[in-house]
Amino acid sequence: MANVEQMGEPDIQKYIKGELLYTIFHNDAEHFSIAKIKVLDTNEELHDKEIVVKGYFSNLQETKDYIFYGQMERHNKFGLQYQVTSYESNIPETTDGLIAYLSSDLFYGIGKKTASKIINHLGENAISQILTNPDVLTGVQGLKADNAEHLVKTLQENEGFEHVVVHLGKFGIGLKLAQKIYQVYKDESIDVLNKDPYQYVFDVEGFGFQKADEIANVNGLSLTHPNRIGAGCIFVLQKSVQEGHVYLPAEECIVKVIQLLGRASAELDEDTIKNRLDGLNTEKKIIVQEGKVYLPSLYYAEDGFASQVKRLITKPVEHDTPLAEMMKIIGDIEEAETLSYGKEQFHAINQALHAKLMIVTGGPGTGKTTVIKGIVDAYSAIHRVSIDPKDYEKKSEYPFVFTAPTGRAAKRLTESTGLPAVTIHRLLGWDGNNGFDKDQNEPLSGKFLIVDEFSMVDIWLANSLFKAIPDDMQVLLVGDEDQLPSVGPGQVLTDLLASDSIPFVSLNEVYRQKEGSKIIQLAHTIKNDECTNQTLRNDKDFSFLTCNQFQMVDVITKIFASAEKKGINLKDIQVLAPMYRTEAGITVINKTLQEIVNPKTKRRREVKVYDTVFRVGDKVLQLVNQPEDGVSNGDIGEIVAIFFEDENKENVEQIVVTFEGKEVVYERKDYTNIMHAYCISIHKSQGSEFPIVVMPVVSTYRRMLRKNLLYTAITRSKQSLIICGEKQAFLQGVNTMDTNKRYTDLIKQLRDRLPSDQDNEAAEENMEDEITPYDFM
Ligand SMILES: Nc1ncnc2c1ncn2[C@@H]1O[C@H](COP(=O)(O)OP(=O)(O)OP(=O)(O)O)[C@@H](O)[C@H]1O
């Protein structure tokens, strides 16, 4: 570093033992920190009682003691500082210190009482005894076996982990990635890095090629080393998966790999890359088939899903109700519901009862939920089974299975149909790592499966779900094909519809519009490419407020102020934006809205996590699936309590969030699983609905503004929609198709396995020949 004068003797290992007082600066991505410590002991020439330390750290915690190794530096602006090259937790030597250490949040399930018992039993050198022989813990009364096991593992890992974090930190690798690396290689993490940093790209999810390249460069690895080329190929494929592709055409893959590797050497030509792809194919690290390059998990998911569709669709359906009786049953349901099904709706209900596997698709308000209820009622009448889950308690198995890809979508399904729905992850029994309990060996139970919001299901989840469907189960997939495709790879709903290999009914008549909803009308004009300046005229449930990106925060602030005056619960207003960055991005809007909706007060507890403040009362968004706690990515909750370290028996700081009455406790290490939810991304809002949606749309978002994105956003609003921004940007967006075609091979895979188009057309013609009530009208 410039302006720094090196001091100290290099030969003796110098240290400062100190208690961390507070963190001055922290870079989350790289885990570089600057912190003030109280000096407890040192062999440096240091007379001050406090000093600033800086370096790469794993998880420094305030009030904890550490031993820092490094050297003194004098910065010409900031004065004396300690540049840390390595550090370790200062495991205390006194009985009290040891008890506090063992009952700290590092060690799960050990409170002060148990920690005292451990020290009473083993004495003050307890830690080294446990590390040498974990069996010494068996004599400690009241220490549960799994807590003892966790204690030993944490002690062992802490020793190795801190070493690895500090070493990786020198290459700018942050804590989160270091944790993943450590999980894969444990104590061999540094050896692997020294021998071949490209190995990380193969084994560690999220480890970038450029980073491996930087490290390899320092280590002097050649630019044409096969590992470098191989890692380049894998990295290009991993990136393509993030863009939603299931495979890449070989030529495109080769071009991208060359762009990534750079033509630093004449040897990096098309043939070399092609040969390396063939080599990786032989090593089974990728699959190359018919000029398509896949990561294996995607190849098997697509292939597996197509086979499962074939397995199901070729099994017969037990249903021989004559048409006349069907019509009577449906007529009775219409009477009970006091409505008359439209032609498409009747067709959907009738066909779903005959089909092994069927899709119902349609925009908002076209009656998808009405049709689901109709199908369930008709099935229940035909098979003489009750719909009420209470009638099945322990006696026999409930015939219906209702599911959706997110918690919110499952909840909406339950709210709109009154029937019990769960997430697909919950239904399949997510094991918390990378597998499901339910599969072909332990299939789902039930007779009729209904999956809502199927457009959000990616090819991995579709394959896992279909594997677990037993032969005798009927399946109905429901979704809106015009919405955004799944976040994960594939476009399963679109491909299933385009393949023409399974029956589907498209609902086009809009019923909610008849109730005078401008929002639904707007959605359908967008869907039909008919949106103009005229369409954007204000109405009772819709307004367009014109502003530019710099006025956006002010405009949104005014909307909230005026809503508050009208007595509207501010938490019912959801801002949806496409991007995190920019003046009108999610991050800025969230910060502003937090201060309006849930400002700092003397009594409201809060914790600071780098530059974010979480406060009791904050609306928060869950960012990952946490099936063990019953929350999924996209769920919105509220912080209801914050506990400081000394307030609970676990001795850890905790944030408690409720999601629809379900409480989830987050410790500091899990804080990255939540963020403020006053403004969320349109992608995260898929599957949810909100009473009032505020949607900023400005030309700075240009890159993101696409028809399906804007359509998805506006269809999230139930009662009222306010768009703020530039009409031109909105109109341009709704008239821009998402041209980023996803490479998927599902249509071909399905067509190869299932009857040809002609057979289907014949089947459809037969279906059309069927008599429906409309033939009598
Ligand atoms: N045949 C019908 N006759 C009269 N009203 C109907 C009919 N079908 C649906 N509706 C009414 O239209 C409204 C929208 O229907 P429904 O909720 O089933 O649509 P949806 O496609 O599920 O909508 P969304 O996707 O927005 O949730 C409801 O109020 C419903 O009662």
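# Questions about this structure

User: Is Lys 284 buried or exposed?
Analyst: Within 10 Å of Lys 284 there are 8 other C-beta atoms. A residue counts as buried when 20 or more other C-beta atoms, placed from the backbone, lie within 10 Å of its own, as exposed with 12 or fewer, and as partly exposed in between. By that count, Lys 284 is therefore exposed.

User: Thanks! What kind of model is this, and how are its residues numbered?
Analyst: The model is predicted, so local features need pLDDT of at least 70 and side-chain atom pairs count only at pLDDT 80 or more, while totals for chains, interfaces and linings use all residues. As for the numbering, residues are counted along each chain as its sequence is written, from 1.

User: Where does Lys 284 sit?
Analyst: Helices (H or I, at least four residues) and strands (E, at least two) are DSSP runs numbered from the N terminus. Lys 284 has a positive phi, near 65 degrees, and is not a glycine. Its place is in the loop between α11 (270–282) and β8 (287–289).

User: Thr 582 has a positive phi as well; what is its value?
Analyst: Thr 582 is found in the loop between β17 (573–577) and α22 (586–597). With 17 other C-beta atoms within 10 Å, Thr 582 is partly exposed. Although Thr 582 is not a glycine, its positive phi is about 80 degrees.

User: Stepping back, what is the radius of gyration of the chain?
Analyst: The chain has 27 helices and 27 strands. For 777 residues the globule rule (2.2 Å times the number of residues to the power 0.38) gives 28 Å. The chain's own value is close to that, so the chain is as compact as a globular protein of that length. Taken over C-alpha atoms, its radius of gyration is 30 Å.

User: What share of the contacts between residues at least 6 apart in sequence join residues at least 24 apart?
Analyst: Two residues are in contact if their C-beta atoms, placed from the backbone, lie within 7 Å. Of the contacts between residues at least 6 apart in sequence, those joining residues at least 24 apart make up 68%.

User: Which helix gives the largest share of the largest nonpolar core?
Analyst: A nonpolar core is a set of buried Ala, Val, Leu, Ile, Met, Phe, Trp, Tyr and Cys residues joined through C-beta atoms within 7 Å. The largest one has 122 residues, and Ala 212, Ile 349, Val 360, Ile 375 and Leu 476 have the most contacts inside it. Seven residues of this core, the largest share, come from residues 226–242, helix α9.

User: How many residues are in the second core?
Analyst: This core is separate from the largest one and includes Val 510, Phe 544, Val 631 and Met 695. Its number of residues is 60.

User: Which helix gives the most residues to the shell around the ligand?
Analyst: A residue is near the ligand if its C-beta atom, placed from the backbone, lies within 6 Å of it. Among the 15 residues around the ligand, Pro 364, Gly 367, Lys 368, Thr 369 and Tyr 511 come nearest. With three residues, the helix that gives the most, spanning residues 368–383, is α15.

User: Which residue stands opposite Gln 622?
Analyst: Both faces of strand β20 (residues 619–622) are covered, with Lys 619 and Leu 621 buried on one side and Val 620 and Gln 622 on the other. Strands pair if DSSP finds at least two bridges between them, and β20 has three, running antiparallel, to β21 (residues 636–643). Three bridges also join β20 to the antiparallel strand β24 (residues 674–676). In β24, the residue opposite Gln 622 is Ile 674.

User: Which residue just after α19 takes a positive phi?
Analyst: In α19 (residues 492–499), Val 492, Leu 493, Thr 494, Asp 495 and Leu 496 are buried. Their cover includes β10 (357–362), α18 (459–467), β14 (474–479) and α26 (746–753). Just after this helix, the residue with a positive phi of about 60 degrees is Asp 500.

User: How far apart are the C-alpha atoms of Asp 41 and Ile 16?
Analyst: Asp 41 lies in strand β3 (residues 32–42) and is exposed, with 11 other C-beta atoms within 10 Å. Along the chain, Asp 41 and Ile 16 are 25 residues apart. Their C-alpha atoms are separated by 6.0 Å.
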